[in-house]
Amino acid sequence: MRLIQNMCTIAEYPAPGSTAADCCLGAAGRRLVKIAVVGASGVGKTALVVRFLTKRFIGDYERNAGNLYTRQVHIEGETLAIQVQDTPGIQVHENGLSCSEQLNRCIRWADAVVLVFSITDHKSYELISQLHQHVQQLHPGTRLPVVVVANKADLLHVKQVDPQLGLQLAGMLGCSFYEVSVSENYNDVYNAFHVLCKEVSPKQQPSGTPEKRRTSLIPRPKSPNMQDLKRRFKQALSAKVRTVTSV
Ligand SMILES: Nc1nc2c(ncn2[C@@H]2O[C@H](COP(=O)(O)OP(=O)(O)OP(=O)(O)O)[C@@H](O)[C@H]2O)c(=O)[nH]1
């Protein structure tokens, strides 16, 4: 967190001490896409997020406690407000996955998830299908867009997972797949996020779109009368955009 704030050269970064709510990117009526980056510890989640947001690879990051970052992206003529939630590395115990309530909240909050493993860590790869199942369980009734990212493609000499296996796994799970080297290539990182944003259709978003907000603020009255309708209309006009401060 401190490191990222120190290199805060991008205007859209939350200033130190501010929250994502202060950025209010969604407030301008832009579609808001919320992305959670999830995976085992040390696979490069923070590096991936920082690379995507700043185009830079720094090398050393503080152990992550789960930070939220906001920026705008332009995708096929549309300006989106996106929020990216970096999450603490997942610990694997003998009896399987151990996801903290903080992580579960984060996954529930997300419109889309990046599942990351490292090609240098077979265990991080083994975690992916369990994580995918966990993500879908936390979003019952919808199929959340997920992209699987195999990171550290530059470290071929210590490779434990053939990227082909990642591709096969992603195919089985019905996800897009990207093999990236966060340290060496920005474009692949960008593409992974880009594809994910495209997969989040406006219809899938439960909140944040102006359309949705209007209908939830003005529930259809059972027996409408003018006074009631006027009051509800005023309420809708003065409503502040709902923003996420933390997950
Ligand atoms: N060679 C190489 N190193 C990488 C790459 N991506 C990340 N790293 C390094 O891997 C280490 C872990 O990266 P982090 O981004 O802190 O990993 P994390 O998944 O956020 O780790 P936790 O905060 O513990 O969950 C750091 O030393 C990074 O510099 C990569 O593509 N290639």
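The following conversation goes through several features of this structure, which is a predicted model.

Trainee: Why is Ser 118 called buried?

Mentor: The relative accessibility of Ser 118 is 1%, and the word buried applies under 20%, so Ser 118 counts as buried. This serine belongs to strand E6, which covers residues 112–118.

Trainee: Which residues does Ser 118 touch, leaving aside those up to four places away in sequence?

Mentor: Ser 118 touches Val 43, Ser 124, Asn 151, Lys 152 and Val 161, where touching requires heavy atoms within 4.5 Å.

Trainee: What makes the pairing of the side chains of Ser 118 and Thr 120 a polar contact?

Mentor: The distance given for these two side chains is 2.6 Å, and the cut-off for a pair of N or O atoms is 3.5 Å, so the pair is listed as a polar contact between Ser 118 and Thr 120.

Trainee: Turning to charged pairs, how many salt bridges are there?

Mentor: The count comes to 3 salt bridges. As a general point, side chains of opposite charge can pair when their charged atoms come close.

Trainee: Why is the pair of Glu 78 and Arg 31 called a salt bridge?

Mentor: The closest N and O atoms of Glu 78 and Arg 31 are 3.0 Å apart, and the rule asks for a distance within 4 Å, so the pair qualifies as a salt bridge. The two partners come from distant parts of the chain, 47 residues apart, with Glu 78 in strand E3 (residues 78–86) and Arg 31 in strand E1 (residues 31–39).

Trainee: Are Glu 78 and Arg 31 buried, or exposed in some degree, and how do you know that?

Mentor: Glu 78 has a relative accessible area of 31%, which lies between the limits of 20% and 50%, so Glu 78 is partly exposed. Arg 31 has a value of 11%, which falls under the 20% limit, so Arg 31 is buried.

Trainee: What makes Lys 198 and Glu 76 a salt bridge?

Mentor: Their closest N and O atoms are 3.1 Å apart, and because the limit is 4 Å, the pair is accepted as a salt bridge. Lys 198 lies in helix H7 (residues 186–199) and Glu 76 in the loop between strand E2 (68–75) and E3, so this bridge ties together parts that are 122 residues apart in sequence.

Trainee: Why is Glu 76 called exposed?

Mentor: Glu 76 has a relative accessibility of 65%, and the word exposed applies over 50%, so Glu 76 counts as exposed. Its partner Lys 198, with a relative accessible area of 44%, is partly exposed.

Trainee: How do you know that Arg 108 and Glu 101 form a salt bridge?

Mentor: The closest N and O atoms of Arg 108 and Glu 101 are 3.3 Å apart, which is within the 4 Å allowed, so they form a salt bridge. Arg 108 is partly exposed at 40% relative accessibility, and Glu 101 is partly exposed with a relative accessible area of 43%.

Trainee: Which residues are closest to the ligand?

Mentor: The ligand is surrounded by 22 residues, of which Ser 41, Lys 45, Ala 47, Gly 59 and Asp 154 are the closest. The shell divides into 7 nonpolar, 10 polar and 5 charged residues, and its largest share, 3 residues, comes from H3.

Trainee: What polar atoms of Ser 41, Asp 154 and Ser 183 lie by the ligand?

Mentor: An N or O atom in the side chain of Ser 41 is 2.7 Å from an oxygen atom of the ligand, a polar side-chain atom of Asp 154 is 2.9 Å from a ligand nitrogen atom, and a backbone N or O atom of Ser 183 is 3.1 Å from a ligand oxygen atom. Taken alone the ligand exposes 660 Å², and the protein buries 84% of that.

Trainee: What makes the phi of Lys 55 worth pointing out?

Mentor: Most residues other than glycine have a negative phi. Lys 55, in the loop between H3 and E2, has a positive phi near 70 degrees, and at 52% relative accessibility this lysine counts as exposed. Lys 152 also has a positive phi, of about 70 degrees, although it is not a glycine; Lys 152 lies in the loop between strand E7 (146–151) and helix H6 (163–173).

Key. Residues are numbered from 1 along each chain as its sequence is written. This is a predicted model: local features need pLDDT of at least 70, side-chain atom pairs count only at pLDDT 80 or more; totals for chains, interfaces and linings use all residues. Side-chain values use heavy atoms; hydrogens and water are left out. Helices (H or I, at least four residues) and strands (E, at least two) are DSSP runs, numbered from the N terminus. Buried means under 20% relative accessible area, exposed over 50%, partly exposed in between (1.4 Å probe, protein chains only). A polar contact is a pair of N or O atoms within 3.5 Å; within protein, one must be able to donate a hydrogen and the other to accept it, and residues adjacent in sequence count only if both atoms are side-chain atoms. A salt bridge is a side-chain nitrogen of Lys or Arg within 4 Å of a carboxyl oxygen of Asp or Glu. A residue is near a molecule or strand if one of its heavy atoms lies within 4 Å of it. Accessible areas come from the Shrake-Rupley method with a 1.4 Å probe; for residues, only the protein chains shown count as cover. Ala, Val, Leu, Ile, Met, Phe, Trp, Tyr, Cys and Pro count as nonpolar, Asp, Glu, Lys and Arg as charged, and the others, Gly among them, as polar.
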